[in-house]
Amino acid sequence: MKNGVRLAMALVISMCGVFSIEGLSQTASRLQIRVLSSRADLVSGGDALIEVKAPAGTDLSRLTLTLNGREVTAMLKSGPEKAVFHGLIGGMAVGANTLLAKMKSSGNAAAASLKVVNHPITGPILSGPHMKPYECRTVESGLGQPLDADCSAARRIEYFYRAKDNTFKPLNDPSGARPADLVNTTTNDGKTVPYIVRVDSGTINRSIYRIAILDDPKSGAASDAWMPGEGWNRKLSVSFGGGAGTQYNQGVNQANNALNHLFLSRGFAFMISTELVNQQHGNAVLQGETLMMLKEFFIERYGVPKWTVGFGGSGGAIQQLVITQIYPGLLDGLQPSASFPDSTLHTADCGLLQNFWRKADPKIWTKEKRAAVEGYTDGTCAAWERSFVPVLTATNAKGCALNDASKVYDPVKNPGGVRCTMQEMRVNIYGRDPKTGFARKPQDNVGWEYGLAALNSGACARSGWSSGRERNSIMAMIAVTFPQRIS
């Protein structure tokens, strides 16, 4: 993984200005092309929402647009402004593509070109090689058997409605008679519409996504020309799930998991993804890449939202904060809850300290003394150890969540097996130790003196350390640097 550090550094630099005018063609201002759905070099899935801006007074009949020499002008339609045209341009090859717009005029025709780099919808784009092994969960998520080794599933549209008993129910016949218990909702734009929700399901970057949006299926729009109805307030909320996991599988969700009343009743589109659950893989580079691809897909099928807001707590808060640091522009607003500034060091330290307490004399190391050294309220470190220290342990078979447990690492029985650690989830960033073959870690505890701050502050004395002899003895014990456990 020699390119791990290089990838991380390039990622921070390259993502600045996502969805900005960096996708704009560098030709004369008379005629311009830009990508609206992503950066021009980060397109995925073979299509992109394109904008062609022409001189004032130009109508579409005076333009031609080609993709790699093939005319695609028919894919353009008039945009929100005069002489501005939008189109979802498909049929792009994997790799570099060229869009060329020309004006039909006498003499030298004005022209603008734009290089577009397309990537597979299964990824990756920035996150590095896919993790292996990787078990599919499309069947468990109600999407049928996977279509390929990347756990792809066919796109599916389902409808639900809000009933008088304040529950969501399936709308099995969207074009049929309205259910008697259907209610209306009034959005924050002041529009009152039937509370019917369209849920769009599929797979992107090997994750299972669900997009929910208010929609009136009897509005008259043809299915192949579907556009969001008046219920959508042109805003998007993205859910980020909690936890800290090391699972070698795709993750599971259901269509009704996207039925969030808080957002949908107010007119927001609401999006979830199995990759945007920190319990799944705990890799912000992969999570941010997935969000980037999901947002591109959303813009191409639904339109450019006024803004996009994140929503979620704990591991969901971590995702929002870290993704915004390394992928600026994907989220315009954050709603993190149960957040904390660091999710690795204090967790690992709590595990080491609990190890020490189990071997220590309980008469000397009372509950009060332990709390003084840990720096947390009584029981907090023990809770951290139970919940999150396993994700730092290579033999954490349960954490791998593999149906085939024979693939899990065992230092004696299966030394070549997969290691269920957070650093393995991020091996494309950290690289591997050439001696052990294990993924490198970004932390250590060399030179640390656990409990020294508590001792110097006097907290230890208040916990019963009175004599100088006992004080020196305890200081010698807590000054020991615990070796970081290999995982």
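This report covers strand pairing, salt bridges and aromatic contacts in a predicted model.

Residues are numbered from 1 along each chain as its sequence is written, and side-chain values use heavy atoms, with hydrogens and water left out. Because the model is predicted, local features need pLDDT of at least 70 and side-chain atom pairs count only at pLDDT 80 or more, while totals for chains, interfaces and linings use all residues.

**Strands**

Helices (H or I, at least four residues) and strands (E, at least two) are DSSP runs, numbered from the N terminus. Two strands pair if DSSP finds at least two bridges between them. An open sheet is formed by 5 strands in the order 2-9-8-4-5, with mixed pairing. Its edge strands, each pairing on one side only, are strand 2 (43-44) and strand 5 (70-71). Strand 2 runs parallel to strand 9 (residues 111-119), joined by 2 bridges. Serine 44 has histidine 119 in strand 9 as its bridge partner.

Strand 7 (residues 84-89) runs antiparallel to strand 3 (residues 48-53), and 6 bridges join the two. Valine 84 in strand 7 stands opposite lysine 53. Strand 7 also pairs with strand 6 (residues 77-78), in the antiparallel sense and over 2 bridges. There, phenylalanine 85 in strand 7 is the bridge partner of serine 78. The hairpin of strand 6 and strand 7 has 5 residues between the strands, and alanine 83 in this hairpin takes a positive phi near 65°.

**Salt bridges**

A salt bridge is a side-chain nitrogen of Lys or Arg within 4 Å of a carboxyl oxygen of Asp or Glu. The structure holds 12 of them, including the three in the table.

| Acid | Base | Closest N and O atoms |
|---|---|---|
| Aspartate 41 | Arginine 39 | 2.8 Å |
| Aspartate 165 | Lysine 169 | 3.9 Å |
| Aspartate 216 | Arginine 178 | 2.5 Å |

The pair of aspartate 216 and arginine 178 links distant parts of the chain, 38 residues apart. Aspartate 216 is in the loop between strand 15 (207-214) and strand 16 (235-239), and arginine 178 is in the loop between strand 11 (168-170) and strand 12 (184-186).

For accessibility, buried means under 20% relative accessible area, exposed over 50%, and partly exposed in between (1.4 Å probe, protein chains only). Aspartate 41 is partly exposed at 32%, whereas arginine 39 is buried at 7%. Aspartate 165 is partly exposed at 46%, and lysine 169 is partly exposed at 27%. Aspartate 216 at 26% and arginine 178 at 34% also count as partly exposed. Elsewhere, a network of salt bridges links Asp47, Glu300 and Arg301.

**Aromatic rings**

Rings of Phe, Tyr and Trp (its six-membered ring) pair if their centres lie within 6.5 Å; planes under 30 degrees apart count as stacked, over 60 as edge-to-face and the rest as tilted. The count is 14 aromatic pairs. Phenylalanine 263 and phenylalanine 268 form an edge-to-face pair, because their ring centres are 5.5 Å apart and their planes are at 80°. Both residues are buried. Tryptophan 357 and tryptophan 365 make a tilted pair, 5.0 Å centre to centre with 40° between the planes. Tryptophan 357 is buried at 4% relative accessible area, and tryptophan 365 is buried at 1%. Ring pairs also link Phe263, Phe268, Phe270, Trp307 and Phe311 into a cluster.

A charge sits over a ring if NZ of Lys or CZ of Arg is within 6 Å of the ring centre and within 35 degrees of the ring normal. Arginine 206 has its charged end over the ring of tyrosine 134, 3.5 Å from the centre. Arginine 162 lies over the face of phenylalanine 168, at 4.7 Å from the ring centre.
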